[in-house]
Amino acid sequence: MGGRGSRAVAAVSVAVALLAGCGPVQDLGVDQSGHGSAKGGEKGGGDGGNGHGTNPLDNPEGTKPGLAPITSDKDRSDGRDLIEKVPTKGRGSKTGYDREDFGYAWADNADGVPYAHNGCDTRNDLLKRDGEDVKYREGSDCVIVSMTLYDPYTGKTIDWTKQEASSVQIDHVMPLSYDWQMGASRWSDAKRKQIANDPLNLIPVDGPQNSAKGDSGPATWLPPRRAVRCAYAVRFAQVALKYDLPVTAADKAAMLDQCA
């Protein structure tokens with residue numbers, strides 16, 4: 001984000017977030033990422049030079065790890081072009097929303113999405129996709145008990161163990177409650193199960209950040225780490241377009257601003 005216009009949008013976003021009870025959009029910037037150097041080699045496309053994550057423009061299926069910043073002028077322009085394709089409408093009612101309407105959590109039996117029907121639940125599939133130094137429960141090639149995760153939202157490296165499972169949560173980039181309010185309330189159970197378990201819509205991240213996000217759209221919540229905000233907006237748009245979902249006008253404006 002940069003310039004007078006960006007600062008104005010950010011100020012509005014903070015005000016809206018406070019009114020919505022979601023807390024202000026934080027800004028860690030690039031130099032405050034808290035991540036010194038890359039561990040191992042580059043995974044799937046690079047992350048501003050630190051060797052983590054994938055540019056979402058190079059990851060339309062969501063099967064490559066992480067989320068890398070979008071840095072080039074061309075990619076930022078391409079990101080804006082993609083975001084422009086997302087239709088807008090007002091946010092509908094949350095009445096009737098229940099997480100179980102999207103299937104039981106981390107179901108392996110969603111049809112039509114990567115990793116489905118592979119014998120592992122979706123959460124473990126995503127931890128395997130994005131984690132490093134992954135270790136499994138004895139006798140299992142599915143249940144992960146420890147790993148190292150580079151969190152794209154904060155820039156922190158998290159040494160995770162199953163004993164402290166909530167320190168890493170799987171973020172639905174486009175939250176399920178948001179989906180419900182934007183049209184998923186009228187979907188079939190099968191389609192709702194798809195978006196809930198689609199790796200394109202899922203990123204393992206710092207648990208407290210995921211909790212703080214709730215069901216917020218980009219106008220009221222963005223990753224604290226400024227460098228990844230354009231990539232986050234593009235990923236949000238990719239999910240919306242794949243599932244023919246609109247976003248609010250305020251959310252679309254915030255998304256476009258991140259890639260300006």
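Visitor: Is the crossing in which α2 passes α7 left-handed or right-handed?
Guide: This is a predicted model, in which local features need pLDDT of at least 70 and side-chain atom pairs count only at pLDDT 80 or more, while totals for chains, interfaces and linings use all residues. Residues are numbered from 1 along each chain as its sequence is written, and side-chain values use heavy atoms, with hydrogens and water left out. Helices (H or I, at least four residues) and strands (E, at least two) are DSSP runs numbered from the N terminus, and a crossing is left-handed if the near helix is turned anticlockwise from the far one by less than a right angle, and right-handed if clockwise. By that convention, the crossing in which α2 passes α7 is left-handed.

Visitor: At what angle do α2 and α7 pack?
Guide: Contact, meaning heavy atoms within 4.5 Å, is made by Arg 76, Gly 79, Leu 82 and Ile 83 of α2, and on the α7 side by residues including Ala 233, Ala 237 and Leu 241. Axes are lines fitted to C-alpha atoms, for helices over the stretch in contact, and angles run from 0 to 180 degrees between N-to-C directions. The axes of α2 and α7 lie 9 Å apart, and the helices pack at an angle of about 35°.

Visitor: Which element gives the largest share of the largest nonpolar core?
Guide: A nonpolar core is a set of buried Ala, Val, Leu, Ile, Met, Phe, Trp, Tyr and Cys residues joined through side-chain atoms within 4.5 Å, where buried means under 20% relative accessible area, exposed over 50% and partly exposed in between (1.4 Å probe, protein chains only). The largest such core has 40 residues, and Ile 83, Met 174 and Phe 236 are among those with the most contacts inside it. The elements that give two or more residues to this core include α2 (73–84), α5 (189–197), β5 (202–206) and α7 (229–242). The largest share, nine residues, comes from α7.

Visitor: Which residues does Met 174 contact, leaving aside its neighbours within four places in sequence?
Guide: Met 174 belongs to the residues with the most contacts inside the largest core. With those sequence neighbours set aside, the residues in contact with Met 174 are Asp 179, Asn 201, Phe 236, Val 239, Ala 240, Leu 245, Pro 246 and Val 247.

Visitor: Why is helix α3 described as largely enclosed by the rest of the structure?
Guide: At the start of α3, a side-chain oxygen of Asp 121 reaches to within 3.0 Å of the backbone nitrogen of Arg 123. The buried residues of the helix include Arg 123, Asp 125, Arg 129 and Asp 130 as well as Leu 126 and Leu 127. Helix α3 (residues 122–130) is largely enclosed because its buried residues number eight of the nine.

Visitor: What angle does the direction of α3 make with that of β2?
Guide: The sheet on which α3 packs is open, with three strands in the order β1-β2-β3 and antiparallel pairing, two strands being paired if DSSP finds at least two bridges between them. Strands β1 (132–136) and β3 (157–161) stand at the edges with a single partner each, so one side of each has no neighbour in the sheet. Neighbouring strands are turned by 10° against each other on average, direction ignored. Helix α3 touches β1, β2 and β3, and its direction makes with that of β2 an angle of about 50°.

Visitor: Which residues of β3 point to one face and are buried?
Guide: Strand β2 (residues 144–150) and β3 pair in the antiparallel sense over five bridges, and they form a hairpin with six residues between them, where Gly 155 in the turn has a positive phi of about 85°. Along β3 the side chains alternate, with Thr 157, Asp 159 and Thr 161 pointing to the other face and not buried. Those that point to one face and are buried are Ile 158 and Trp 160.

Visitor: With which residue does the side chain of Tyr 150 make a polar contact of 3.4 Å?
Guide: Tyr 150 lies in strand β2, stands opposite Thr 157 in β3, and is buried, with a relative accessible area of 9%. A polar contact is a pair of N or O atoms within 3.5 Å; within protein, one must be able to donate a hydrogen and the other to accept it, and residues adjacent in sequence count only if both atoms are side-chain atoms. The side chain joined to that of Tyr 150 by such a contact, at 3.4 Å, belongs to Arg 225.
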